[in-house]
Amino acid sequence: ATAWREGLTLTDAQKKAAMAVIFYAGTECSNGGERRVLGVGLENATDKNDKFAWTVLFSPSKLDGLGMTIESILCAPIDDERLAETATFTGDLDGSDNWQALCEAVSDEGTSGNYPAWEWVNAYATTANLTGDYANGWYLPTVAELCMLYRAKDTVNPALEKAGGTQIASDGYWSSSLDSSNDNYAWYVYLGTNGNIFSTDKKRALSVCGVRDF
């Protein structure tokens, strides 16, 4: 681990060994009140030709996860606060087991292409050439966790650049959090200037990043 500071330089060996930038330490994104430390992967899918839907509708059959409410991964801003800088949340704050919850609720998760955003994160170790202990545990963050990433973005992006990673773009990033008000919608956060929180159709193609507990 290397602490971020202005003027930090990393050797080629350090860049090769880097795997994440820590962006959060606290209890706000914990379902049980435990302290968590979260890092974002050095690579994220943000190019206009490299974005992914939360789930995809294949005609004429309907995906299990398209119009389904999964209670254990519901999350929402309290008092309908839609700014990432100040929002607090109710519901599922920790996304580390949300893929498991989705798999337990649906029967079509084993078909490649059905849940593209999730699949990108599940394959993150291969994308980032990670091996060993840190090849496991990457997941699609909740809307609460994405807001924490937004709050640290001004430090995270210079650190990602120094480590040879891909900076977090001013773009919409999928969360794993479902919106209880519409079975076909999930939350995303625009990680740009205003940091707005939106709910949108799961079939929409957005950017994706993977996070992990450390």
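A hairpin of six residues connects strand E6 to strand E7 in this predicted model. The two strands pair in the antiparallel sense, and four bridges hold this pairing. One of the positions where they meet is Leu 178, whose bridge partner in E7 is Ala 186.

Strand E7, which covers residues 185–190, also runs antiparallel to E8 and is joined to E8 by five bridges. Here Trp 187 stands opposite Ser 199 of E8. Taken together, the three strands form an open antiparallel sheet in the order E6-E7-E8. Strand E6 (172–178) and strand E8 (197–201) are the edge strands, as each of them pairs on one side only. From one strand to the next, the twist averages 40°.

Is the edge strand E6 enclosed or open to its surroundings? Residues count as buried when their relative accessible area is under 20%. Seven of the seven residues of E6 are buried, and the strand is therefore largely enclosed by the rest of the structure. The cover extends over both faces of E6. On one side lie the buried residues Gly 172, Trp 174, Ser 176 and Leu 178, while Tyr 173, Ser 175 and Ser 177 are buried on the other.

A further feature is found at the surface. Ile 22, Tyr 134 and Phe 214 make a nonpolar surface patch of about 280 Å². Of these residues, Ile 22 belongs to strand E1, which comprises residues 20–26. Ile 22 counts as partly exposed because its relative accessibility is 45%, and partly exposed residues lie between the cut-offs of 20% and 50%.

Methods:
Residues are numbered from 1 along each chain as its sequence is written. This is a predicted model: local features need pLDDT of at least 70, side-chain atom pairs count only at pLDDT 80 or more; totals for chains, interfaces and linings use all residues. Side-chain values use heavy atoms; hydrogens and water are left out. Two strands pair if DSSP finds at least two bridges between them. Axes are lines fitted to C-alpha atoms, for helices over the stretch in contact, and angles run from 0 to 180 degrees between N-to-C directions. Patches are made of residues with over 30% relative accessible area and no salt bridge: like charges are joined within 9 Å, nonpolar side chains (Val, Leu, Ile, Met, Phe, Trp, Tyr) within 5 Å. Accessible areas come from the Shrake-Rupley method with a 1.4 Å probe; for residues, only the protein chains shown count as cover. A salt bridge is a side-chain nitrogen of Lys or Arg within 4 Å of a carboxyl oxygen of Asp or Glu. Buried means under 20% relative accessible area, exposed over 50%, partly exposed in between (1.4 Å probe, protein chains only).
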